[in-house]
Amino acid sequence: MAAVDAVIHRRLQSEVALIQQISHYIVSAGGKRIRPMLVLLFARALGFQGTERHELAATVEFIHTATLLHDDVVDESSLRRGRETANARFGNAASVLVGDFLYSRAFQMMVSVNRLRVLDVLADATNVIAEGEVLQLMNMHDPDLSEADYLQVIRCKTAKLFEASARLGAVLAEASPEVEEACAAYGQALGTAFQLIDDLLDYEGDANALGKNVGDDLREGKATLPLLIAMQRCTPQERSLLRTAIEQGETEKLAEVIAIVRSTGALQATRAAAQAEADRAESCLAQLTPSAARSALLYFCAQSVQRTF
């Protein structure tokens with residue numbers, strides 16, 4: 001990861017001062033860096049040690065960072081990773097344009113690896129992510145959203161880049177199609193578990209630990225799994241309150257909404273759904289021989305469900 005960070009900082013160089021300022025601001029905020037780690041771990045688990053893995057690990061982090069910049073503008077978010085979002089500090093226009101810079105720089109980086117399969121994987125991933133963003137926008141303030149449609153957004157918006165990151169490690173190692181698909185399936189399942197817990201923490205977590213405002217999903221009108229399950233299990237009166245909260249983005253009644261979500265067991269059900277995805281991810285690793293890298297990937301499965309931020 002130190003080598004990846006070196007690539008990130010080298011590739012952020014630009015003669016345009018504002019690009020450097022905003023890019024470094026959001027990248028230096030940290031984050032879990034799970035996606036680049038997946039590139040490195042699957043490459044290592046499959047025996048690939050070439051320097052291309054550092055370039056591609058940095059590439060997926062750039063793509064992820066670009067989506068964060070655009071997401072925060074769309075969601076009108078003010079807090080991420082415990083500090084002001086880039087749009088809150090520098091404005092929406094600058095954030096969107098620097099997000100575009102990071103996307104285009106990511107494509108320069110993937111071309112430099114000179115592997116057509118890499119381009120295929122990442123071009124597909126960025127397109128699906130964009131589709132997921134639009135799907136989520138269409139689903140805003142919809143209390144009648146189905147669980148299937150909710151999961152489709154997660155698979156596109158979040159899990160797809162996890163899937164691509166895991167697949168890239170296999171592509172670099174020139175693994176068999178069967179192994180490559182197992183790696184990709186791991187990434188998709190892990191990414192889904194990760195997002196399910198993110199959605200759960202919006203009703204269970206602490207703002208200081210999360211680094212974002214609790215209740216942001218409700219404010220944005222997102223009907224996430226905890227709310228969908230709660231509406232299935234609550235009383236008609238409570239259901240009416242939840243429907244109105246989703247339709248209007250009512251954070252004034254956040255305490256009441258959280259109380260309903262907790263009393264119906266929706267948080268436990270959401271965690272169970274995340275655990276099922278983590279178990280699915282773990283089963284995909286049967287294709288890999290035992291190694292330190294494989295053990296780290298197993299650790300991710302457990303950590304994705306147990307985390308509190």
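**Entry 1: helices α3 and α4**

I looked up how α3 and α4 are oriented in this predicted model, and they are roughly antiparallel to each other. The reasoning is short: the packing angle between α3 (residues 34-45) and α4 (residues 52-75) is about 155°, and angles over 145 degrees count as roughly antiparallel. I noted a separation of 7 Å between the two axes. The crossing I recorded as right-handed.

I then listed the residues on either side of this pair. Helix α3 contributes R35, P36, V39, L40 and A43, which meet R53, H54, L56, A57, V60, E61 and H64 of α4. Sorted by class, this contact holds 7 nonpolar, 2 polar and 3 charged residues.

**Entry 2: helices α2 and α6**

I turned next to α2 (residues 17-27) and α6 (residues 92-112), whose axes come within 10 Å and cross at roughly 85°. Since 65 to 115 degrees is the range for roughly perpendicular, I entered α2 and α6 as roughly perpendicular to each other.

From α2, the residues L18, I19, I22 and S23 meet A94, V98, F101 and L102 in α6. I counted 7 nonpolar residues and 1 polar residue in the contact of α2 with α6, and no charged ones.

While at α2, I also checked Q20, which is placed in that helix. Setting aside residues up to four places away in sequence, Q20 touches L12, Q13 and S14. I also took the spacing of Q20 and H9: they are 11 residues apart in sequence, with 9.7 Å between their C-alpha atoms.

**Entry 3: the chain as a whole**

I recorded 16 helices and 2 strands in the protein chain. The C-alpha trace spans about 60 × 50 × 30 Å along its principal axes. For the radius of gyration I noted 19 Å, which agrees with the value near 19 Å for a compact globule of 309 residues. Of these 309 residues, 54% count as buried.

I also looked at how far apart in sequence the contacting residues lie. Among contacts between residues at least 6 apart in sequence, 76% join residues at least 24 apart.

**Entry 4: two residues with positive phi**

I kept in mind that most residues other than glycine have a negative phi. I therefore set down H141 and E174: phi of H141 is near 60°, and phi of E174 is about 55°.

H141 is found in the loop between α7 (116-139) and α8 (147-172). With a relative accessible area of 35%, H141 is partly exposed, because that class lies between the 20% limit for buried and the 50% limit for exposed.

E174 sits in the loop between α8 and α9 (177-204). Its relative accessible area is 66%, so I entered E174 as exposed.

**Entry 5: three buried residues**

I looked up L241 in helix α13 (residues 236-248). Its relative accessible area is 18%, and the limit for buried is under 20%, so L241 counts as buried. Not counting residues up to four places away in sequence, L241 touches K253, E256, V257 and I260. For one of these partners, E256, I noted the spacing as well: L241 and E256 are 15 residues apart in sequence and 8.7 Å apart in space, C-alpha to C-alpha.

I then went to E277, which lies in helix α15 (residues 266-284). E277 is buried, at 12% relative accessible area. Leaving aside neighbours within four places in sequence, I listed R155, A189, T192, A193 and L196 as the residues in contact with E277. I also took a long-range distance, to L40, a residue of the α3 side in Entry 1. E277 and L40 are 237 residues apart in sequence, and their C-alpha atoms are 22 Å apart.

Last, I checked D216 in helix α11 (residues 216-219). D216 has a relative accessibility of 7% and counts as buried. From D216 to I154, which are 62 residues apart along the chain, I recorded a C-alpha separation of 17 Å.

Notes: Residues numbered from 1 in each chain as written. Predicted model: local features only at pLDDT ≥ 70, side-chain atom pairs only at ≥ 80, totals over all residues. Heavy atoms only, no water. Axes fitted to C-alpha atoms, helices over the stretch in contact; angles between N-to-C directions. Helix = DSSP H or I, 4+ residues; strand = E, 2+ residues; numbered from the N terminus. Parallel < 35°, antiparallel > 145°, perpendicular 65-115°, else oblique. Left-handed = near helix turned anticlockwise from the far one by under 90°. Contact = heavy atoms within 4.5 Å. Nonpolar A, V, L, I, M, F, W, Y, C, P; charged D, E, K, R; others polar. Rg over C-alpha atoms; globule rule 2.2 N^0.38 Å. Buried < 20%, exposed > 50% of the residue type's maximum accessible area, 1.4 Å probe, protein only.
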